[in-house]
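Dear colleague,

I am passing on to you a structure that you have not worked with before. Please have a look at it, and then read the notes underneath.

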Amino acid sequence: MLAEDLVVEVITDLLDLPGTTLAAGTPLVAVDGWDSVNALRVLVYLERETGRPLDYERFAAAATVGDLAELVDRTGAGTPR
C-alpha cells in the first residue's frame with residue numbers, strides 16, 4: 001500500500017469521511033473534523049499501522065495530506081506490517 005493511500009484510509013476511517021474527498025493536495029485544515037485531538041488519533045493510528053514511530057514535529061508541521069504521506073515514506077513506513 002502506498003503511503004498516500006494509507007494516510008487517506010486512516011483519516012477517512014477515523015473521521016468517517018468518504019475517501020474520494022481527500023487527495024495529496026488537500027489541506028489538513030480543510031478536512032472535516034480535523035482538530036488537535038483527531039490529529040493525535042491519526043498519528044497514533046499511523047504509527048500502529050506502520051509499526052514505526054513518526055516524528056511528531058514534522059507531523060505537526062504537515063499542511064496537507066501529501067505532507068503526511070511524505071512523512072510516512074521518509075520513515076520507511078509506507079507499507080503496513
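What follows is a short account of the core and of two individual residues.

Please keep in mind throughout that this is a predicted model.

I begin with the interior, where the largest nonpolar core has 25 residues, and where Val7, Ile11, Trp34, Val42, Leu46, Phe59 and Leu68 are those with the most contacts inside the core. At least two residues of this core come from each of helix 1 (3-15), helix 2 (36-50) and helix 4 (65-74), and helix 1 gives the most, with eight residues. In soluble globular proteins, nonpolar side chains tend to be buried together. To take one of these core residues in detail, Leu46 is in contact with Leu6, Val7, Val10, Leu54, Phe59 and Val72, once its neighbours within four places in sequence are left aside.

Is Asn38, a residue of helix 2, buried or exposed? Asn38 has a relative accessible area of 13%, which is under the 20% cut-off, and therefore counts as buried. Its side chain makes a polar contact with the side chain of Arg41, at 2.8 Å, and, not counting residues up to four places away in sequence, Asn38 touches Leu15 and Gly33.

Val29, by contrast, is found in the loop between helix 1 and helix 2, and counts as exposed because its relative accessibility is 77%, where over 50% is required. From C-alpha to C-alpha, Val29 and Arg52 are 25 Å apart in space, while 23 residues separate them in sequence.

With best wishes

Definitions and conventions: Residues numbered from 1 in each chain as written. Predicted model: local features only at pLDDT ≥ 70, side-chain atom pairs only at ≥ 80, totals over all residues. Heavy atoms only, no water. Core = buried A, V, L, I, M, F, W, Y, C linked by side-chain atoms within 4.5 Å. Buried < 20%, exposed > 50% of the residue type's maximum accessible area, 1.4 Å probe, protein only. Helix = DSSP H or I, 4+ residues; strand = E, 2+ residues; numbered from the N terminus. Contact = heavy atoms within 4.5 Å. Polar contact = N/O pair within 3.5 Å; in protein donor to acceptor, adjacent residues only side chain to side chain.
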